[in-house]
Amino acid sequence: MTAAGTGAATSTGAPAATSVSGALDELGIDRAIAPRTLRRVVSLAGPYRLRFTLAMAACLVAALANLALPLLLGHSVDQVSHIHPGDAFEPGPLLWTAGLLLLATATRGLFQMIAGYQAETVGQNIGRDLRLAYFEKLQRLEYSFHDRIHSGDLITRGMLDLEGVRGFLEVGVQRIVQLALLLGVGGWLMLRRDTVLALLILGSVPLIGLLAGRMGIRLRLAWTRLQQRMAVLTRVMEENLQGARLVRVFPARDQQMQLFDEAAEAAMGYANQRIEVRSLSMAQINGVYYAAMLLVLAVGASRVQSGQISVGNFAEFLAYMTILQVPVRQISMIMNAAARAVSSGARLFEILDREPSIHDTPGALPLPVGPVALQVEHVSFRYQGANYPVLRDIDFTVVPGRVLGIVGPAGAGKSSLAHLIARFYDVTSGAIRIGDVDIRDATLDSVRRQVAIVQQDVFLFDDSLAANIAYGEPLSPGERVRQSAAVAQLEPHVAALPLRYRTRVGERGSGLSGGQRQRVAVARALATDASVLILDDATSALDAATDHALRDALRRFTAARATIVISHRVASVAHADEILVLEQGAIVERGTHDELLALGGHYAGLHAMQTRREPDDSTPATSQELVP
């Protein structure tokens with residue numbers, strides 16, 4: 001398996017030969033989903049039914065004007081054919097016919113413009129609606145969903161797949177209506193003129209439809225595979241950009257280029273397959289069309305010679321076939337757009353239809369505002385699909401003004417506990433209460449507002465320092481932002497900046513050191529009104545002196561909050577009113593710092609090991625400064 005993902009592909013990226021039926025089964029594609037998906041795609045135009053109806057009506061008028069051209073051309077030919085040498089020429093009738101031809105042509109052009117404008121307007125509006133709905137759904141989906149699916153695939157669905165759906169509404173539906181009208185109304189008119197010639201023309205339609213349907217299935221398969229490869233390509237590029245510094249630390253440019261080249265080559269293979277399918281099918285459709293035209297020419301000339309039809313009638317059929325040539329040739333475009341809409345729509349609707357597993361229960365009420373206690377009652381938790389519990393029978397209470405410390409080795413379940421308190425996941429058993437209210441009975445928004453988590457892996461937006469600190473409370477006054485920054489030990493560094501709190505931090509906070517990013521995250525949490533504050537290894541990048549100063553400031557600032565400090569460093573939790581030691585998801589020790597040291601167990605061993613390796617907290621250390 002290469003970086004391009006699984007799937008049969010040659011070394012040049014070209015797809016390996018396989019049956020269409022087998023490939024559909026391999027990719028898990030439901031053959032019956034196409035009509036349902038297309039109906040749903042078309043239903044998206046419901047809020048814009050007036051514009052959509054206007055576009056279809058304009059398309060109808062344009063098609064009727066188009067069908068008037070063969071009739072007028074045939075009539076003009078008959079007019080000319082009745083003029084004999086030596087007869088007086090009366091230009092009036094021909095001028096009237098020419099005027100009608102000009103009017104029909106102008107009408108066709110005008111209404112085609114109206115149809116195109118209205119259809120594109122509808123398409124753009126639907127595109128906007130889909131983007132908003134898709135983005136809103138991503139905001140509500142649970143953590144476990146994002147654990148399983150890569151952001152590169154989500155970006156591809158929200159951009160390329162969305163465009164596939166929008167494009168079909170903008171162009172595909174219009175072409176289908178145009179083709180249906182030209183075949184339906186035009187066929188009826190031709191049948192009235194001459195049944196034999198009309199059947200020769202219309203007899204090619206079922207064969208063309210069969211070829212187009214076969215092409216649509218193959219295109220759907222190619223589009224599905226191409227979109228999957230584009231998701232891989234997006235993922236490779238996204239990871240390369242996010243890990244740009246790592247790529248340069250380890251001179252891995254060639255390795256990254258190879259990964260990207262493999263992904264791009266695989267995508268190109270399926271793009272070429274799509275082109276080959278469409279080109280071959282279009283050649284077959286054109287072959288059937290021109291064969292029908294040759295038959296019309298041969299049979300029509302014979303019928304003119306026998307006097308069964310006039311030269312003008314024959315000209316009508318030829319003009320009708322010429323007009324029909326464009327929409328018939330567009331069948332490949334229609335099938336291509338429909339195939340893309342089906343595969344794109346299926347991928348897009350899969351996200352839009354997904355219901356979050358973590359959601360407000362019926363009758364959920366907001367949590368009370370103000371200082372409240374946090375109670376974790378005999379909580380156990382197992383991740384979906386895991387064979388063993390991550391947490392087992394965790395039980396503690398933290399009241400406002402008190403600090404709970406949690407220490408333990410990696411994988412002990414410390415961060416999982418923090419995620420449960422914020423209800424990123426639901427407990428397997430037990431309960432978590434904030435102010436005597438089970439968080440499963442409270443609204444998600446109120447839980448997230450009452451619980452502020454500062455994680456070790458800090459994400460900052462490419463915005464000003466002030467905007468990042470006030471992210472949880474965008475309307476926070478400047479004084480509150482400054483106070484939070486001061487508690488987080490950030491103020492001395494901000495004071496040295498020319499733009500102070502208006503300084504931009506760069507993408508993901510690239511203009512800050514690791515310790516500074518953590519302090520901004522702490523300030524961001526402190527700027528909210530959360531009643532529960534969780535610091536999850538939030539000071540791991542700080543030197544001992546800054547960590548000590550931050551702990552002292554936090555104790556004064558969080559007197560009305562229940563605070564949990566999670567850390568792998570004993571020094572970061574030594575000040576806590578109670579300390580829990582976690583091992584393999586269970587509490588193995590609990591007590592104050594002095595009590596745990598006297599116990600001589602896990603905590604005492606961890607303390608002894610770290611005090612041998614780390615300088616004393618009182619040792620001064622130099623912190624890095626903000627990059628302007």
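Guide: Two strands count as paired if at least two bridges are found between them. Keep that in your pocket while we look around; and remember, this is a predicted model.

Visitor: Okay, so what order do the strands of the open sheet have?

Guide: Reading across, the order is 2-1-4-5, and the pairing in this open sheet of four strands is antiparallel.

Visitor: Which strands are the edge strands?

Guide: An edge strand pairs on one side only, and here those are strand 2 (391-398) and strand 5 (437-438).

Visitor: How many bridges join strand 1 and strand 2?

Guide: Five bridges, running in the antiparallel sense, link strand 2 to strand 1 (residues 374-381). Want one to find on screen? Look for Val-379, whose bridge partner in strand 2 is Ile-394.

Visitor: And which helix packs on the sheet?

Guide: That's helix 13 (residues 414-421), which touches strand 1, strand 2 and strand 4 (429-434). Compare directions and you get about 60° between helix 13 and strand 2.

Visitor: Let's go inside. How many residues does the largest nonpolar core have?

Guide: A nonpolar core is a set of buried residues of certain kinds, joined through their side-chain atoms. The largest one here has 40 residues, and Ile-469, Val-522, Leu-554 and Tyr-603 have the most contacts inside it. Several elements give two or more residues to this core, including strand 3 (403-407), helix 16 (478-487) and helix 19 (544-557). Helix 18 gives the most, with six residues.

Visitor: What is Val-522 in contact with?

Guide: Skip the neighbours within four places in sequence, and Val-522 is in contact with Val-454, Ala-488, Ala-538, Leu-550 and Leu-554. Apart from this core lies another, of 35 residues, with Val-372, Leu-391, Leu-404 and Ile-434 among them.

Visitor: Now a single residue: is Gln-450 buried or exposed?

Guide: The cut-off for buried is under 20% relative accessible area. Gln-450 has 5%, so Gln-450 is buried. You'll find Gln-450 in helix 14 (residues 444-450). Leaving out residues up to four places away in sequence, Gln-450 touches a list that includes Leu-367, Pro-368, Asp-529 and Val-532.

Visitor: Can I try that with another one? Where is Thr-37 found?

Guide: Thr-37 sits in helix 2 (residues 33-43). Use the accessibility reasoning again: Thr-37 counts as buried because its relative accessibility is 5%.

Visitor: Which residues does Thr-37 touch?

Guide: Not counting residues up to four places away in sequence, Thr-37 touches Ala-341, Val-342, Gly-345, Ala-346 and Phe-349.

Methods:
Residues are numbered from 1 along each chain as its sequence is written. This is a predicted model: local features need pLDDT of at least 70, side-chain atom pairs count only at pLDDT 80 or more; totals for chains, interfaces and linings use all residues. Side-chain values use heavy atoms; hydrogens and water are left out. A nonpolar core is a set of buried Ala, Val, Leu, Ile, Met, Phe, Trp, Tyr and Cys residues joined through side-chain atoms within 4.5 Å. Buried means under 20% relative accessible area, exposed over 50%, partly exposed in between (1.4 Å probe, protein chains only). Contact means heavy atoms within 4.5 Å. Axes are lines fitted to C-alpha atoms, for helices over the stretch in contact, and angles run from 0 to 180 degrees between N-to-C directions.
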